[in-house]
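Me: Got a minute to walk me through this one? I'd like the overall layout before anything else.

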Protein chains: 2
Amino acid sequence: MAHADDALSAENARLKTRVRKLKKKLKKARASVSAQNPGPAVSPLAPKSGFPAIPTIAGLRLSAVSAGVKYQGRDDVMLAELAPGSVISGVFTRSSTRSAPVLDCEAKLTALPSVPEAGLAIIVNAGNSNAFTGHAGQQTVDDITGALANLMDLPQGHVFSASTGVIGEPLPPQKITDALTDLRDGLAPERWAVAARAIMTTDTFAKGAWAEVDLDGHPVRIGGFAKGSGMIAPDMATMLAYIFTDAAIVQPVLQDMLAAGVQTSFNAVTVDSDTSTSDTVMVGATGRAGNAPITSADSEAGGTFAAALQGVLQDLALQIVRDGEGATKLVEVRVTGAETDADADKVARAIANSPLVKTAIAGEDPNWGRVVMAVGKSGAVADRDRLSIRFGDILVAEKGWVAAGYTEDAGAAYMRNQELVIAVDMGLGAGRATVWTCDLTHQYITINADYRS
Amino acid sequence: MAHADDALSAENARLKTRVRKLKKKLKKARASVSAQNPGPAVSPLAPKSGFPAIPTIAGLRLSAVSAGVKYQGRDDVMLAELAPGSVISGVFTRSSTRSAPVLDCEAKLTALPSVPEAGLAIIVNAGNSNAFTGHAGQQTVDDITGALANLMDLPQGHVFSASTGVIGEPLPPQKITDALTDLRDGLAPERWAVAARAIMTTDTFAKGAWAEVDLDGHPVRIGGFAKGSGMIAPDMATMLAYIFTDAAIVQPVLQDMLAAGVQTSFNAVTVDSDTSTSDTVMVGATGRAGNAPITSADSEAGGTFAAALQGVLQDLALQIVRDGEGATKLVEVRVTGAETDADADKVARAIANSPLVKTAIAGEDPNWGRVVMAVGKSGAVADRDRLSIRFGDILVAEKGWVAAGYTEDAGAAYMRNQELVIAVDMGLGAGRATVWTCDLTHQYITINADYRS
């Protein structure tokens with residue numbers, strides 16, 4: 001009897017494994033069937049809590065209107081107004097074919113005094129990127145920012161702009177200039193969600209984040225929003241982010257903090273390795289919080305503020321990956337033990353951008369051989385016998401081979417999670433880097449291979 | 001006890017029903033998938049003429065057998081034997097996690113005298129790459145090449161090997177060593193197609209090419225075969241190519257010609273930017289053609305031979321792209337007018353590896369904005385206003401904007417061709433580069449996201 005019992009138990013265990021595998025295969029087969037169906041209305045990786053309740057920031061007002069640049073029935077132009085005394089910093093795409101608004105922002109930022117006397121404005125439209133539009137592109141930027149400067153009684157050098165959408169098509173300024181009065185009249189401190197939605201292209205959810213810190217007894221707020229890598233044809237993978245704070249901080253320090261902060265946030269995420277002609281991140285500070293002005297990142301207040309800013313930048317950057325086209329998995333690639341940080345970054349990006357790794361993740365396949373391949377092709381110094389690979393806490397490979405206790409079942413079970421960590425230790429030094437990406441799915445192809453008509 | 005038994009039996013029955021139902025559902029779902037997205041038995045880009053009739057080469061014999069390494073019912077081990085007096089050269093993957101056979105080949109090639117007295121042999125298996133298999137991997141290489149050396153009465157340093165297939169699993173040498181006698185007994189000069197088929201993994205067609213040139217009155221033949229980027233899980237994107245000639249040529253010149261030749265052939269093709277741990281190209285020369293030995297690439301004979309070798313290398317390399325997973329379009333990316341050749345290469349690869357460009361091609365979308373984006377992200381020196389883009393002969397964009405006479409209809413009509421040329425002129429200098437790639441389709445995802453069980 002006990003013998004029969006054992007045999008049955010063993011068979012049942014086998015059957016359970018079989019059921020699990022069949023379910024998995026069925027899920028995959030069905031996913032392929034639905035590959036040509038429209039994608040989900042909202043990314044499965046979107047934050048469950050929705051758009052956050054970002055508090056108002058003294059000296060900041062936001063607005064949005066529907067100007068009909070391309071989309072109908074939704075807001076497509078956003079305006080942010082910063083009160084006199086505000087400072088602003090920005091980082092932009094390194095693309096050598098960057099758009100007219102990006103070139104304009106860079107020039108204005110360089111020319112702006114560190115403490116501008118007048119206020120500042122940022123205007124952003126969705127639907128047309130005004131990129132690769134020849135010299136007419138700059139004229140359009142001049143027309144829009146000039147008209148807004150007039151209306152708001154600001155120097156034109158204080159009016160920044162960005163455009164996201166189709167490339168190579170003229171952006172007629174009139175649709176936008178006609179909407180400026182409504183845009184200005186709609187300005188209000190609490191309109192975060194409205195502003196965030198107006199700059200979306202094919203994003204499936206609006207992205208916002210905020211933080212509050214105490215600087216010498218004064219609560220200081222940081223809030224911001226972003227749009228991401230909705231690259232449905234013919235749009236580009238444009239990433240835009242606008243962050244505002246009531247902190248008092250001198251401009252060069254804010255600029256340095258932003259430049260440092262993007263390295264481990266916006267520059268550490270990749271959906272498909274493509275770089276937009278329009279990527280823009282700007283941070284404006286109104287100085288109304290009452291804190292003693294931050295004049296160094298090394299001071300206690302400076303460190304506290306920089307950490308909070310970094311948290312907001314990273315939150316927004318990860319939301320962009322969560323909205324990568326067709327994404328069903330959020331993947332953190334964590335590389336340690338490289339000879340240098342630069343080597344670690346090479347390895348992390350080689351893994352995060354590898355189509356073979358990303359398709360394996362889409363298929364929930366613990367295919368660690370592809371991770372080995374990506375390490376090998378990265379160009380970083382590597383020693384096969386010192387390398388170790390973990391999926392989450394599971395040691396998968398070490399000493400040049402599969403780890404002794406590793407089982408394919410354990411790997412496969414881990415890969416079913418929606419959020420994954422692939423950790424590689426190079427075993428060589430102290431170099432480290434972390435990059436976030438998503439999987440590469442049928443839906444990505446469906447979205448991006450669609451003809452534009 | 002009886003109670004537990006009953007419960008187990010009941011569970012057993014339930015599980016069996018569940019398995020049966022799941023199998024049925026899976027069959028149905030898969031039927032829908034294959035109806036919707038059938039992977040072609042043979043790539044639509046395969047040469048219409050089939051495997052070429054490569055002439056025999058004096059001093060070369062080929063063989064293949066079925067050793068059951070992984071595949072059943074097909075040959076999976078190939079042997080090439082080069083007569084005494086032959087010389088050999090090779091280039092290998094630059095991956096830092098390269099396989100045991102690659103490391104072994106590199107070491108043997110370095111140690112080999114320029115004119116080996118004894119003959120040479122190359123043995124290749126498909127089904128297991130013997131990569132990332134720790135120190136056991138080298139032992140396997142020693143066992144296989146040692147046994148073959150004994151059998152063929154060759155120094156072990158004259159026996160080269162390669163393995164392609166699953167990564168990280170031990171390659172048991174016995175299956176292969178058991179097959180060596182049959183393999184040797186099957187050696188014959190004309191077995192090109194048999195050899196080419198034996199090294200295939202998920203290639204959809206065998207790849208061969210040949211050329212004949214006259215060197216001082218002597219016909220000299222070059223023939224070869226390759227396997228490509230069939231990367232179906234869990235195989236790697238391994239590219240192997242073996243080329244043979246009866247030319248008399250000194251080894252260092254042959255090595256230099258090969259190293260130069262791969263730059264514009266195997267190193268100029270990309271399916272998905274991923275690099276294998278096993279990529280190998282070897283050229284063996286038997287010296288039986290009767291030509292005066294080639295001692296320089298700069299001589300007339302040297303130039304003629306190098307050009308013919310280059311033609312064979314490029315033919316094989318393009319066949320690999322034609323068999324890229326899911327490929328429906330062969331794309332030549334031709335960059336001219338860059339500041340340097342290196343810059344042109346950066347631009348060409350940025351375009352050829354861009355998922356956004358490749359999905360647009362799959363969708364037959366003349367999305368030139370994505371080409372602009374790829375130029376911009378390449379890191380090469382670019383001036384938006386000097387850049388021009390052509391699809392075939394159609395001028396699409398110039399002077400920083402869409403070309404005056406360009407119509408979307410003309411672009412769309414061109415994109416329906418099976419073979420496409422994307423030409424970018426940077427307008428800056430004399431730097432040029434050409435890279436070949438294929439499109440990125442649903443079928444690529446289906447192949448590579450499949451779970452390995």
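**Domains and their contact**

Reply: Sure. This is a predicted model. In chain A, 11 residues of domain 1 are in contact with 11 residues of domain 2.

Me: Which elements give two or more residues to the domain 1 side of that contact?

Reply: Two are listed for chain A: β9 (269–270) and α8 (300–322).

Me: And which gives the most?

Reply: α8(A), with 3 residues on the side of domain 1 that touches domain 2.

Me: What's that side made of, by class?

Reply: On domain 1 of chain A, the side touching domain 2 has 8 nonpolar residues. Another 2 are polar and 1 is charged.

Me: Where do the domain bounds fall?

Reply: In chain A, domain 1 covers 60–322 and domain 2 covers 330–449, according to the domain assignment. Their C-alpha centres lie 33 Å apart.

Me: Switching to the whole chain. How many helices and strands?

Reply: Chain A has 13 helices and 16 strands.

Me: What's the radius of gyration against the globule rule?

Reply: It is 24 Å for chain A, and the rule gives 22 Å for 453 residues. Those values are close, so chain A is as compact as a globular protein of that length.

Me: And the spans along the principal axes? What are they?

Reply: The C-alpha trace of chain A spans about 90 × 55 × 40 Å.

Me: What share of residues is buried?

Reply: 57% of the 453 residues in chain A count as buried.

Me: Last one. How much of the contact set comes from residues 24 or more positions apart?

Reply: 81%, taken over the contacts in chain A with a separation of 6 or more.

Conventions:
Residues are numbered from 1 along each chain as its sequence is written. Chains are lettered from A and ligands numbered from 1 in the order in which they are written. This is a predicted model: local features need pLDDT of at least 70, side-chain atom pairs count only at pLDDT 80 or more; totals for chains, interfaces and linings use all residues. Domain bounds come from an automatic or database domain assignment. Two residues are in contact if their C-beta atoms, placed from the backbone, lie within 7 Å. Helices (H or I, at least four residues) and strands (E, at least two) are DSSP runs, numbered from the N terminus. Ala, Val, Leu, Ile, Met, Phe, Trp, Tyr, Cys and Pro count as nonpolar, Asp, Glu, Lys and Arg as charged, and the others, Gly among them, as polar. The radius of gyration is taken over C-alpha atoms; the globule rule is 2.2 Å times the number of residues to the power 0.38. A residue is buried if 20 or more other C-beta atoms lie within 10 Å of its own, exposed if 12 or fewer, and partly exposed in between; C-beta atoms are placed from the backbone.
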